[in-house]
Amino acid sequence: MEALSTLSIIVDASDQAGEARRTAASLAATLGFDSTETGRVALVVTECASNLVKHGRGGEILLSVIEGAKGSGIEVFALDKGPGMRNMAQCFEDGFSTAGTPGGGLGAVARLSSHCDVYTQEGEGTALLARFWKNPQAKSSEIERFEVGGVSVAKPGEEASGDAWAAYQTPEFLNVLVVDGLGHGLGAARSAQAAIEAFRASPEEEPASLMQSLHQALRATRGAAAAVARIDAAANQLRFAGVGNISGTVYSSGGSRQMVSLPGIVGSRITSVREFTFPWSADATLLLYSDGLSTHWSLESYAGLLSHDVSLIAGTLYRDWKRGHDDATVVLAREIMR
């Protein structure tokens, strides 16, 4: 699965909940959702945005267009740094409210969405993910070995993000690309899109070879930072090649390992492309992120977060560590436990 684009809507007043609802409904209709499913998306976004104002002292709604084995879909994130939920199970009960309102909002979110997940910390805030597929009754015959999720959000005030990510998987391996076009705005977005197109043209290439393909494809652009990670589950290894400020870490029960990106600009100036190999285990999680996130933090400091949906983990890290003056991308991947 990959996120094709992510829209951000700041919600700190009740009238902005209406803006979020209208944006979500328009997005769903543009993707070809029928009127019933469009209504479901709009209702969930309304509930989430209203809760941000009532309970979270304001926050942010993210709307991501996604593609996966089930086809096209939308991920809705509701992110706040409010008081959190003291009793999450109780908050999902119909009729329960801490704001003196009829309640039932989170219960409705869970029922109306194809998938719902929440991470909350008392005193630290709440992150909610609701996922919708265009045709929820259609079952894919494709069995995926890996789950991949992320967010890629433009710098505030820019109409396009210079960051992007893509993923490709087979039953044997997963390739993940994260790219950060130089600068911001449309020029950076063109660099990122050129990298995504080159990745999709040769999605099974090895990381070092893919980086060389990206370098050639981006020569007519302003260039970018980029990294490719390949999880080879059968060989129990992860291979990584990066140029520029893309950070990566592998987390597992054995601890964490940082990955190294080399200096340079893909499409303009690369002194060398090296591939680094790391051990991979069935309980491991891959994290990649652009320099739109600060670096002085660790996923290991979040109690229980790694047990949640990878998209929700990405949204939580974006909420807490985005710099606010740059495009920001966070992507996670791991094997699906069956």
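**Exercise 1. In this predicted model, decide whether D320 is buried or exposed, and then identify its salt-bridge partners.**

Solution. Begin with the accessibility: D320 has a relative accessible area of 17%, and because buried means under 20%, D320 counts as buried. Next, look for side-chain nitrogens around this residue: D320 forms a salt bridge with K81, in which the closest N and O atoms lie 3.6 Å apart. This pair links distant parts of the chain, since D320 belongs to helix α7 (residues 310–321), while K81 sits in the loop between β3 (71–80) and α3 (88–91), with the two positions 239 residues apart in the numbering. D320 also forms a salt bridge with R319, and here the closest N and O atoms are 2.6 Å apart. To complete the picture, R319 is itself buried, with a relative accessible area of 7%.

**Exercise 2. Determine which residue forms a salt bridge with R334, and compare the burial classes of the two partners.**

Solution. The partner of R334 is E147, and the closest N and O atoms of this salt bridge are 2.7 Å apart. Placing the two residues in the fold shows that the pair links distant parts of the chain, with R334 in strand β15 (residues 328–335) and E147 in strand β6 (residues 146–153), 187 residues apart. For the burial classes, R334 has a relative accessible area of 11% and is buried, whereas E147, at 23%, is partly exposed.

**Exercise 3. State how many salt bridges the structure holds, and name the residues that are joined into one network by shared partners.**

Solution. The structure holds eleven salt bridges; one of them is the pair of R319 and D320. Following salt bridges that share partners then leads to one network, which joins E206, R230, R239 and E275.

**Exercise 4. Describe how strand β2 is enclosed and how it pairs with β3.**

Solution. First consider burial: eight of the ten residues of strand β2 (residues 59–68) are buried, so this strand is largely enclosed by the rest of the structure. Then turn to the pairing, where β2 and β3 run in the antiparallel sense and are joined over ten bridges. As one example of the register, I66 has G73 as its bridge partner in β3. Finally, inspect the connection, which shows that β2 and β3 form a hairpin with two residues between them.

Key
Residues numbered from 1 in each chain as written. Predicted model: local features only at pLDDT ≥ 70, side-chain atom pairs only at ≥ 80, totals over all residues. Heavy atoms only, no water. Salt bridge = Lys/Arg side-chain N within 4 Å of Asp/Glu carboxyl O. Helix = DSSP H or I, 4+ residues; strand = E, 2+ residues; numbered from the N terminus. Buried < 20%, exposed > 50% of the residue type's maximum accessible area, 1.4 Å probe, protein only. Pairing = 2+ DSSP bridges.
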